[in-house]
Amino acid sequence: MSPVDPRELLADPAQAGAYFIDARDARALADAAADLDYAVARADFAGCAGKDEALQRIARALRFPEWFGGNWDALNDSVNDLSWWPAPGYLLLIEHAGTWQSQYADEATILVEILNDAAQDWAKARVAFWALLPLPAADLAKMAP
């Protein structure tokens with residue numbers, strides 16, 4: 001069986017969503033998104049303390065307007081709009097999120113739900129919206145059921 005071309009995967013809005021991935025795959029996926037002319041954003045969660053700081057980092061990465069409200073509802077509204085950054089698709093890499101995800105599990109769950117909902121809404125318009133949270137392989141393996 002031949003490996004899947006990451007561009008083929010990323011080009012399919014029906015497959016898009018928020019996923020924890022092996023950190024070793026992050027660069028290839030970001031490169032593939034760039035090849036597709038997607039808007040590629042990186043939010044670095046290293047040392048991130050809590051929901052407010054996480055929302056600020058995402059807002060910076062996705063170039064949210066100054067009027068961004070800094071709460072879950074505002075995040076939901078903003079990731080479902082992105083009119084200020086038109087692109088044929090979107091890839092948000094939330095890097096170094098492992099510690100934040102374990103320390104703020106409830107917030108991480110809400111974040112992933114909002115990002116997944118946005119991906120589903122964008123898919124209705126045939127636009128792929130990906131939110132990837134790269135983790136070291138060992139941490140990713142701990143998450144498997």
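**A walk through the fold, starting from Leu29**

Leu29 has a relative accessibility of 12% and therefore counts as buried. The cut-off behind that word is a relative accessible area under 20%. The model is a predicted one, and the values below are computed from it. Leu29 belongs to helix 2, which covers residues 26–35. Setting aside neighbours within four places in sequence, its contacts are Pro6, Leu10, Ile21, Leu91 and Leu132. Leu29 can also be placed relative to Asp5: the two are 24 residues apart in sequence, and their C-alpha atoms are 9.6 Å apart in space.

Three of the strands can be used to follow the contacts of Leu29 further. Ile21 falls within strand 1, residues 18–22, Leu91 within strand 3, residues 89–95, and Leu132 within strand 4, residues 128–135. The full inventory of the protein is seven helices and four strands. Read from the N terminus, the elements follow the order α-β-α-β-α-α-β-α-α-β-α.

Strand 4 is a useful place to look next. Eight of its eight residues are buried, so the strand is largely enclosed by the rest of the structure. Its side chains alternate in direction: Ala128, Trp130, Leu132 and Pro134 point one way, while Phe129, Ala131, Leu133 and Leu135 point the other way, and all of them are buried. Strand 4 has two pairing partners described here. With strand 1, strand 4 pairs in the parallel sense over five bridges, and Ala18 stands opposite Ala131 of strand 4. With strand 3, strand 4 also pairs in the parallel sense over five bridges; here Gly89 stands opposite Ala128.

Strand 3 leads on to strand 2. These two strands run parallel and are joined by six bridges, and Ala41 has Leu92 of strand 3 as its bridge partner. Strand 2 is two-sided with respect to cover. Ala39, Ala41 and Ala43 make up its covered face, whereas Val40, Arg42 and Asp44 make up the uncovered one.

Aromatic residues offer a second route through the model. A pair of aromatic rings is described by the distance of the centres and the angle of the planes. The search of the whole structure finds eight aromatic pairs. One of them joins Phe45 and Trp100: the ring centres are 5.1 Å apart and the planes meet at 80°, so this pair is edge-to-face. An angle over 60 degrees is what places a pair in that class. Phe45 sits in the loop between strand 2 (39–44) and helix 3 (50–61), and Trp100 sits in helix 5 (residues 98–103), so the pair ties together parts that are 55 residues apart in sequence. Both partners are covered: Phe45 is buried, with a relative accessible area of 1%, and Trp100 is buried, with 2%.

Trp100 also pairs with Tyr104. The centres of these two rings are 6.1 Å apart and their planes are 35° apart, which is a tilted arrangement. Tyr104 is partly exposed, because its relative accessible area is 24%.

A further aromatic group consists of Phe64, Trp67, Phe68 and Trp84, which form one cluster. Ser78 provides a view of this group from a non-aromatic residue. Ser78 is found in helix 4, residues 72–79, and its relative accessibility of 1% means that it counts as buried. Beyond neighbours within four places in sequence, Ser78 is in contact with Phe64, Trp67, Phe68 and Trp84; these are the members of the cluster. Elsewhere, a charge is placed against a ring: the charged end of Arg63 sits over the ring of Trp85, 3.8 Å from the ring centre.

The overall figures complete the picture. For 145 residues, a compact globule would have a radius of gyration near 15 Å, and the 14 Å of this protein agrees with that expectation. Along the principal axes, the C-alpha atoms fill a box of roughly 45 × 35 × 20 Å. Of the 145 residues, 43% are buried. Among contacts between residues at least 6 apart in sequence, 69% join residues at least 24 apart. The protein exposes about 7,900 Å², and carbon and sulfur atoms supply 49% of that area.

Conventions
Residues numbered from 1 in each chain as written. Predicted model: local features only at pLDDT ≥ 70, side-chain atom pairs only at ≥ 80, totals over all residues. Heavy atoms only, no water. Phe/Tyr/Trp six-rings, centres within 6.5 Å; stacked < 30°, edge-to-face > 60°. Buried < 20%, exposed > 50% of the residue type's maximum accessible area, 1.4 Å probe, protein only. Lys NZ or Arg CZ within 6 Å of the ring centre and 35° of its normal. Pairing = 2+ DSSP bridges. Rg over C-alpha atoms; globule rule 2.2 N^0.38 Å. Contact = heavy atoms within 4.5 Å. Areas by Shrake-Rupley, 256 points an atom, 1.4 Å probe, with all protein chains shown as cover.
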